[in-house]
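Please take a moment to look over the sequence and the 3D structure shown here, and keep both in view while reading. The paragraphs that follow lead from single residues to helices and back again.

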Amino acid sequence: MRTILITGPGGSGRTTVAAATALRAAGNGTRTLVLSADRTDTLGAVLGAATGPAPVTVAPNLTAWRPDAAAGFRDDLSAFQERAANVLDLLGASRLDAEEVTPLPGAEELNLLRALRDAALAEAHDLLVVDLPPTPQALALLALPEELRRYLRRLLPPERQAARALRPVLGRLAGVPMPSEWLYETAARWDTELGAVEAVLADPNTVVRLVAEPGPAGADAVHSAGLALALRGLRTDVLVANRVLPEANGWLAGLVAQQRKVLEEWQEPYDVRTVAHLGRDPRGTDDLAALAVPGTLDVNGTTSTVEWPVADRLADDGVLVWHLPLPGAIRDDLDLIRRGDELVVAAGQFRRIVPLPSVLRRCTVDGAALREGELRIRFVPDPDLWPDRP
């Protein structure tokens, strides 16, 4: 199944573009599911058909689904209370009833990731179009599976689960209660579920598509989003320039000129596809069909994931060089911190902790340079860990 993840700055029309993209694919005979996480039914308003917790058919070959974050959160909390019943009783905690539970911040994001995984595993559709939240929230959502898996492995390392039979003994020796079996089982289940989401995001058939209105605010948002996606090892397949105005005179001429200037700036780093302004807010399938959005056949077929290769220059320069493509990065805004077998990479307001490739774990950092939108980090072998080197 192919997956198109669509995001953009707030107010850019990303939901409209997502709905139009799904409708176009469905019209070409592709079994398509469009997925949204908005609490309000913005997707339904654009499609002209209400969407909700149950998938609904809105056109031939087109299904829309807006999972209920509140219901998912209640189910998760109920399951947790059942599994932790002994601990809660020991603490004298009062159980929460389902009707008094409201979703916490972040519940929509977790629910959307789960729905994304379920839709991919179900294989009931040929194309999944995901209306992601506005870009800042979307970037945090795309980072969530990797970050949560890292936290789980630090707090409950999988290798410690091998000592299950020893935990009661260790508990008596240490004088403190050891983690219960259910805690490890829950951590393992979460790790598996998050791993499935990561697999969908890293799949060659998954692409990230940006939507922005050409203008100063849109240009700033695209620059920021491009850098953040690069830091996550992702790149966009298409940049949809939305609500592009036709040539005009009078007071609109300045706005048109402003859009043309931004479009020219976007042409070099992105594959830009323009969508004309309809002169009104699109509503219903007729309006969506009038939008010339790029379809799946317009994609160049390359994966959205970006390789971070390690170049072996030991013979010539005595170093290994790790290449990290970071287009749009500014030298003064970059920061690197080595933490054991991990590297903390910060680019402006964005930050990512990545595991070092195995060959670099036996090396020390020798320096770094930013050249032509690529961060190149030099590593030299640690003589204590490379005994065969002179």
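**A walk through the chain**

Not counting residues up to four places away in sequence, Ser-224 touches Gln-349 and Phe-350. This is a predicted model, and Ser-224 is a convenient place to enter it, since the residue sits in helix H9. With a relative accessible area of 22%, Ser-224 is partly exposed. Its C-alpha atom is separated by 9.2 Å from that of Thr-135, although the two residues are 89 residues apart along the chain.

Before following that helix further, it helps to have an overview of the chain. The secondary structure comes to twelve helices and 15 strands, and of the 390 residues in the chain, buried residues make up 46%. If one takes the contacts between residues at least 6 apart in sequence, 68% of them join residues at least 24 apart.

Helix H9 itself has 16 residues, and the span from its first C-alpha to its last reaches 23 Å, which is close to the 22 Å expected at 1.5 Å a residue. Several of its residues are buried, including Gly-218, Ala-219, Val-222, Ala-225, Ala-228 and Leu-229. Just after H9 comes Gly-233, which takes a positive phi of about 80°.

Two other helices can now be placed beside H9. Two packed helices are described by the angle between their axes and the distance between the axes. For H9, which covers residues 216–231, and helix H10, which covers residues 252–267, the angle is about 20° and the axes are 10 Å apart. H9 and H10 are therefore roughly parallel to each other, and H9 passes H10 in a right-handed crossing. On the H9 side the residues that meet the partner are Pro-216, Gly-218, Ala-219 and Val-222, while on the H10 side they are Gln-258, Val-262 and Trp-266. Sorted by character, the residues of this contact of H9 with H10 divide into five nonpolar, two polar and no charged.

The second partner is helix H6, which covers residues 135–155, and its axis comes within 11 Å of the axis of H9, crossing at roughly 0°. That angle makes H6 roughly parallel to H9. Here the contact is made by Thr-135, Leu-139 and Leu-142 of H6, together with Ala-225, Ala-228 and Leu-229 of H9. The residues of the contact of H6 with H9 divide into five nonpolar, one polar and no charged. An α-helix has 3.6 residues a turn, so residues three or four places apart point the same way.

Towards the beginning of the chain lies helix H1, covering residues 14–27, which has 14 residues and reaches 20 Å from its first C-alpha to its last, close to the 20 Å expected at 1.5 Å a residue. How many of the 14 residues of H1 are buried? Twelve of them are, so that the helix is mostly covered; among the buried residues are Arg-14, Val-17, Leu-23 and Ala-26. Just after H1, Gly-29 takes a positive phi of about 90°.

On the other side of H1, in the loop between strand S1 (2–7) and H1, is the place of Gly-13. Its relative accessible area is 11%, and Gly-13 is therefore buried, the cut-off for that word being under 20%. Leaving aside neighbours within four places in sequence, Gly-13 is in contact with Val-211, Asn-242 and Arg-243. The C-alpha atoms of Gly-13 and Asp-281 are separated by 9.3 Å, even though these residues are 268 residues apart along the chain.

Another buried residue is Arg-117, which has 12% relative accessibility and is found in helix H5 (residues 107–122). Apart from its neighbours within four places in sequence, Arg-117 is in contact with Glu-193, Ala-196 and Val-197.

Finally, two loop residues deserve a look for their backbone angles. Most residues other than glycine have a negative phi, and most peptide bonds are trans. Asn-61, however, has a positive phi near 70°; it lies in the loop between strand S3 (56–59) and strand S4 (62–65), and at 36% relative accessibility Asn-61 counts as partly exposed. Glu-372, which is not a glycine either, has a positive phi of about 50°. The place of Glu-372 is in the loop between strand S14 (363–371) and strand S15 (374–381), where, at 80% relative accessibility, Glu-372 counts as exposed.

Notes:
Residues are numbered from 1 along each chain as its sequence is written. This is a predicted model: local features need pLDDT of at least 70, side-chain atom pairs count only at pLDDT 80 or more; totals for chains, interfaces and linings use all residues. Side-chain values use heavy atoms; hydrogens and water are left out. Helices (H or I, at least four residues) and strands (E, at least two) are DSSP runs, numbered from the N terminus. The expected span of a helix is 1.5 Å times one less than its number of residues. Buried means under 20% relative accessible area, exposed over 50%, partly exposed in between (1.4 Å probe, protein chains only). Axes are lines fitted to C-alpha atoms, for helices over the stretch in contact, and angles run from 0 to 180 degrees between N-to-C directions. Angles under 35 degrees count as roughly parallel, over 145 as roughly antiparallel, 65 to 115 as roughly perpendicular and the rest as oblique. A crossing is left-handed if the near helix is turned anticlockwise from the far one by less than a right angle, and right-handed if clockwise. Contact means heavy atoms within 4.5 Å. Ala, Val, Leu, Ile, Met, Phe, Trp, Tyr, Cys and Pro count as nonpolar, Asp, Glu, Lys and Arg as charged, and the others, Gly among them, as polar.
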